[in-house]
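Open the model in a viewer and keep the selection panel at hand. Each stop below gives a selection and then what is found there.

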Amino acid sequence: MVDRRYPELWLAIAGFLVAFAWEMFQMPFYNMSGMTAWQVTKSCALASVGDAGIMVASAWTADRVTRGGLWAAPLRASPLVIYLAIGIAVTIAVERIALRSEWGWQYSDFMPTVLSVGMVPIAMWVVVPFVSLYLASRLR
């Protein structure tokens, strides 16, 4: 039986799995030259842990700000908007920092950008959190 007291745990699990699939499929949009398949897989797994963490932090904040609204049925718009807005804001910040850092990454020529931020990671923070939230609510 699924423990209903910890919805963020189920979001972390679903979020990691969905984010990992997205991370692997978006690799053509990043410059991965010189990396082995194993290195790319490890990089995607690490990024997916971060993505899941951002989802959980965003969900926790949205739920607290709306006094339990994120996990209410039916789901209202305000907790969902807060959840997505936090994730998108964090993504933009991380992308801008990583693109300028030695430890960061570079976009390939295939990456569409707006104001120097890739649209694929922004799209990810619309699709992946929705799917992950849906799966987590089903697991609950």
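The tour goes from a pair of rings to two helix contacts and ends at a pocket. The model is a predicted one.

**Stop 1: helix H1**

Select residues 7-25, which form helix H1, and show the side chains of Phe16 and Phe20. These two residues are four apart in H1, so about one helical turn separates them. How do their rings lie, as judged by centres and planes? The ring centres are 6.1 Å apart and the planes stand at 20°, so Phe16 and Phe20 count as stacked. Across the whole structure, a search finds three aromatic pairs.

**Stop 2: H2 against H3**

Next, select 37-65 for helix H2 and 77-99 for helix H3. Their axes cross at roughly 145° and come within 8 Å. The crossing of H2 and H3 is right-handed. To see the contact, show Ile54, Met55, Ser58, Ala59, Thr61, Ala62 and Val65 on the H2 side. On the H3 side, add Pro79, Ile82, Tyr83, Ile86, Gly87 and Val90. Colour this contact by residue type: ten of its residues are nonpolar, three are polar and none is charged.

**Stop 3: H3 against H4**

Keep H3 and add helix H4, residues 119-139. The axes of H3 and H4 are 9 Å apart, and the helices pack at an angle of about 140°. H3 crosses H4 in a right-handed sense. From H3, select Leu80, Tyr83, Leu84, Gly87, Ile88, Thr91, Ile92 and Glu95. Facing them from H4 are Pro121, Ile122, Trp125, Val126, Pro129, Phe130 and Leu133. By type, the H3 and H4 contact residues are twelve nonpolar, two polar and one charged.

**Stop 4: the largest pocket**

Which residues should be selected to find the centre of the largest pocket? Take Glu23, Ser43, Ala47, Glu95 and Trp105, the closest to the centre among the 24 lining residues. Glu95 has already appeared in the contact of H3 with H4. The space in this pocket is about 600 Å³. H2, H3 and H4 each supply at least two residues of the lining, and H2 gives the most, with seven. Coloured by type, the lining shows 14 nonpolar residues, seven polar and three charged.

Key:
Residues are numbered from 1 along each chain as its sequence is written. This is a predicted model: local features need pLDDT of at least 70, side-chain atom pairs count only at pLDDT 80 or more; totals for chains, interfaces and linings use all residues. Side-chain values use heavy atoms; hydrogens and water are left out. On a 1 Å grid over the protein atoms alone, a cavity is a set of points where a 1.4 Å probe fits but cannot get out, and a pocket is an open set with protein on both sides within 12 Å along at least five of seven lines; lining residues have an atom within 4 Å of a point. Grid points are joined across faces, edges and corners, and a volume is the space filled by probe spheres set on the points. Ala, Val, Leu, Ile, Met, Phe, Trp, Tyr, Cys and Pro count as nonpolar, Asp, Glu, Lys and Arg as charged, and the others, Gly among them, as polar. Axes are lines fitted to C-alpha atoms, for helices over the stretch in contact, and angles run from 0 to 180 degrees between N-to-C directions. A crossing is left-handed if the near helix is turned anticlockwise from the far one by less than a right angle, and right-handed if clockwise. Contact means heavy atoms within 4.5 Å. Rings of Phe, Tyr and Trp (its six-membered ring) pair if their centres lie within 6.5 Å; planes under 30 degrees apart count as stacked, over 60 as edge-to-face and the rest as tilted.
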